[in-house]
Amino acid sequence: MPDVAEQTTFPESTGTPGALPAGPPGGPGPAAEERPDKPDSAVVRDALGVGVAVGLSGFAFGVTSAGSGLSLLQTCVLSLLVFTGASQFALVGALAAGGNPYTAAAGAFFLGIRNAFYGLRLSQLLDLPRAVRPFAAHWVIDESTAVTLPQPTRRAARIGFTVTGLTLYVLWNLTTLVGALGAEALGDTDAWGLDAASPAVFLALLAPMLRSTVERVTAALAVMLALTLLPVLPAGVPVLLSALAAPVVLFLMGRAKGSSAGAGGDQGRGDSGGHGNRESRGADDDREDYGADEDRGNVAERKKRGERSV
Amino acid sequence: MNIWTAIGLTVVGCYLAKLVGLLVPAGVLERPLVQRMAALLPVALLAALTAQQTFGDGRQLVLDARAVGLGAAALALVLRAPFLVVVGAGVLVTAGVRALA
């Protein structure tokens, strides 16, 4: 991939080999520059940690996809070309439940929309040449964003993005293949409980997002909508309609805040960064930057926990 | 053929979503309401998908081994188990319940 080739040349082209202090014993890879903030090897370590941990879970996707009746080729094409886990699981789940291809793809697409917002933040930080962006775009996902955003310098950000993206891409696709082959060898995947893999994956992706009342209420409303509509609407449609829980909750929260302005609108958020001066600001200000704040907290938290969710 | 249609649409849609973020000028998607919606949409979808895949059987609601498996996965999550352990717990417990039933 062109962007890989270009970005991995950074260490050699800007390093100053003569001035290197002795690195940590046995420290691998490109020797650290004398930049005080963060040595390259530390960035690479962060990136590899996340990449390896999450890359292995491609196995769960391979098994689930094959168990849902997709062929080996279809399963591998999804991991190669979609490469954003939640969307992939959603697609095969919807197809297995008998949804038509359009509702199934719509659900997967809605889940993929968040990557556009990751891209926005990354593009300022990475400052990639325009020609590289179409290639780099394929790696704009939860994990690469989580590793890249907290990096102190552009160089560290580029290394973090590239190493996470490459590690995850390779492992995710290899483990998808192994999982799909394994499931085919097993035969009746339901007997092995493999139909439970997909809801378990969704729950594992969802859990770290449920940090505040807003998210929990949204999730609860979505579950109620999905289960209520499931018996009466064609497969796939209930899940799509459940997405309405998001605007409904936002609207209701906005109303609640508007009617009780000044009642300290922190909504019990779990993240703790930079809320010190919240109380002195108007309720409107508070709401204004909720999204951005949320995003940062989210990504930082995920990084801390070596988070899942591809 | 239906499956390939769905795959094709998903490939194109998801790739464009990723690309758009890198290409559009900063500011266009930075409106607070848009950002909050983007953060909440996955929450709603994932919750709905979890429920549907656990309790749905075609167009019927059922309570079967998967619910027990999901409970095990939830317990693993509470114990901060790694991703694969969470999924493994869900699968193994579901299989166990089916084998006993």
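An axis here is a line fitted to C-alpha atoms, for a helix over the stretch in contact, and angles run from 0 to 180 degrees between N-to-C directions. The views below show a predicted model, in which local features need pLDDT of at least 70 and side-chain atom pairs count only at pLDDT 80 or more, while totals for chains, interfaces and linings use all residues. Residues are numbered from 1 along each chain as its sequence is written, and chains are lettered from A and ligands numbered from 1 in the order in which they are written.

**View 1. Helix α5 of chain A meets helix α1 of chain B.**
Let's start where two chains come together. Helix α5 of chain A covers residues 72-81, and its axis comes within 10 Å of the axis of α1(B). (Helices are DSSP runs of H or I with at least four residues, strands are runs of E with at least two, and both are numbered from the N terminus.) The two axes cross at roughly 5 degrees, so α5(A) is roughly parallel to α1(B). (Roughly parallel is under 35 degrees, roughly antiparallel is over 145, roughly perpendicular is 65 to 115, and the rest is oblique.) From α5(A), look for A:Q74, A:V77, A:L78 and A:L81. Their partners in α1(B) are B:I3, B:I7 and B:V11. (In contact means C-beta atoms, placed from the backbone, within 7 Å.) Sort the residues of this contact by class and you get six nonpolar, one polar and no charged. (Ala, Val, Leu, Ile, Met, Phe, Trp, Tyr, Cys and Pro count as nonpolar, Asp, Glu, Lys and Arg as charged, and the others, Gly among them, as polar.)

**View 2. The whole contact between chains A and B.**
Now zoom out a little. Chain A puts 92 residues into the contact, and chain B puts in 64. On the chain B side, the elements that each supply at least two residues are α1 (2-23), α2 (32-55), β2 (60-61), α3 (65-78) and α4 (83-100). The largest share of that side, 22 residues, comes from α2(B). By class, the side of chain B that touches chain A has 43 nonpolar residues, 16 polar ones and five charged ones.

**View 3. Two neighbours in helix α1 of chain B, B:V20 and B:G21.**
B:G21 is buried, with 25 other C-beta atoms within 10 Å. (Buried means 20 or more other C-beta atoms within 10 Å, exposed means 12 or fewer, and partly exposed is in between; C-beta atoms are placed from the backbone.) B:V20, by contrast, is partly exposed, with 19 other C-beta atoms within 10 Å. Leaving out residues up to four places away in sequence, B:G21 touches A:N115, A:A116, A:F117, A:Y118, A:G119, A:L120, A:S123 and A:V140. With its neighbours within four places left aside too, B:V20 is in contact with A:A116 and A:G119. If you then hunt for B:P82, you'll find it 62 residues from B:V20 in sequence and 32 Å away in space, C-alpha to C-alpha.

**View 4. Helices α3 and α11 of chain A, packed together.**
Helix α3 of chain A takes in residues 40-55, and helix α11 takes in residues 154-186. They pack at an angle of about 25 degrees, with their axes 8 Å apart. That angle makes α3(A) and α11(A) roughly parallel to each other. The α3(A) side of the contact includes A:D40, A:V43, A:A47 and A:V54, while the α11(A) side includes A:I159, A:V163, A:L168 and A:W172. In this contact, 13 residues are nonpolar, six are polar and two are charged.

**View 5. Two loop residues of chain A, A:F83 and A:D127.**
A:F83 sits in the loop between α5 and α6 (85-96) of chain A. Its phi is positive, about 45 degrees, although A:F83 is not a glycine. A:D127 is in the loop between α8 (114-126) and α9 (133-136) of chain A. Its phi is positive too, near 50 degrees, and again this residue isn't a glycine. Which of the two is buried and which is exposed? A:F83 counts as buried, with 27 C-beta neighbours inside 10 Å, whereas A:D127 is exposed, with 10 other C-beta atoms within 10 Å.

**View 6. Chain A as a whole.**
Step back and chain A shows 17 helices and zero strands. Half-way between hidden and open? Of its 310 residues, 50% count as buried. Among the contacts in chain A with a separation of 6 or more, 71% join residues 24 or more positions apart.

Note on methods
Two residues are in contact if their C-beta atoms, placed from the backbone, lie within 7 Å.
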